[in-house]
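Trainee: I am new to this structure. Please take one part and walk me through it closely.

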Amino acid sequence: MSLSQRNSAFLMVFMSAVCIELLQSTYVIGRCECPEVQRVSKINVTDFKVIEKSATCAKTELILTQIKLDNSTQQICVDTLTRIAKNFLRCWERIQKDESRKTECIEKKRKADENSQRTEGHEKR
């Protein structure tokens with residue numbers, strides 16, 4: 001084997017090792033934004049974020065933002081099996097994942113909450 005063939009073989013092995021290392025370092029398993037989720041039923045939502053399944057997280061995540069009594073905001077990771085989460089995810093699909101139309105989903109939830117409060121008020125009388 002001549003010197004140039006040996007150098008070429010060494011270069012190919014070296015480049016293969018570099019490529020394999022780079023590919024392995026970009027794939028990170030289990031990096032979801034919500035390590036823990038909460039089961040909420042009523043919350044005053046001001047914003048929400050849907051994080052689709054990806055290579056780094058095998059589940060769809062929903063983060064709701066609310067304004068607390070002291071006017072600070074709080075983000076809550078919500079269990080996607082709850083009714084509120086399912087409604088937001090359905091609305092997200094209906095608006096075709098358009099960030100500029102997220103307020104439609106928030107307003108729809110507010111109207112539903114107002115209707116349920118009215119219904120509860122009539123039942124208590």
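Mentor: Here is a close look at one helix and what it packs on. This is a predicted model, where local features need pLDDT of at least 70, side-chain atom pairs count only at pLDDT 80 or more, and totals for chains, interfaces and linings use all residues. Residues are numbered from 1 along each chain as its sequence is written, and side-chain values use heavy atoms, with hydrogens and water left out.

Start with helix α2, residues 83-94. Helices (H or I, at least four residues) and strands (E, at least two) are DSSP runs, numbered from the N terminus. The 12 residues of α2 should span 16 Å at 1.5 Å a residue, and the end C-alpha atoms are 16 Å apart, which agrees. The expected span is 1.5 Å times one less than the number of residues.

Now look at its sides. Ile84, Ala85, Phe88, Leu89, Cys91 and Trp92 are the buried residues of α2. They cover an arc of only 160° around the axis, which puts them on the same side of α2. That arc is taken from the directions from the helix axis to the C-beta atoms. An α-helix has 3.6 residues a turn, so residues three or four places apart point the same way. Arg83 and Arg90 are exposed on the other side of α2. Buried means under 20% relative accessible area, exposed over 50%, partly exposed in between (1.4 Å probe, protein chains only).

Next, the sheet. Three strands form an open, antiparallel sheet in the order β1-β2-β3. Strands pair if DSSP finds at least two bridges between them. The edge strands are β1 (45-51) and β3 (73-78), each pairing on one side only. α2 packs on this sheet and touches β1, β2 and β3. Contact means heavy atoms within 4.5 Å. The direction of α2 makes about 70° with that of β1. Axes are lines fitted to C-alpha atoms, for helices over the stretch in contact, and angles run from 0 to 180 degrees between N-to-C directions.

Finally, the rings. Phe48, Phe88 and Trp92 form one aromatic cluster. Rings of Phe, Tyr and Trp (its six-membered ring) pair if their centres lie within 6.5 Å; planes under 30 degrees apart count as stacked, over 60 as edge-to-face and the rest as tilted. Phe48 and Phe88 make a tilted pair, 4.9 Å centre to centre with 50° between the planes. Phe48 lies in β1 and Phe88 in α2, so the pair ties together parts 40 residues apart in sequence. The rings of Phe48 and Trp92 have centres 5.8 Å apart and planes at 85°, so that pair is edge-to-face.
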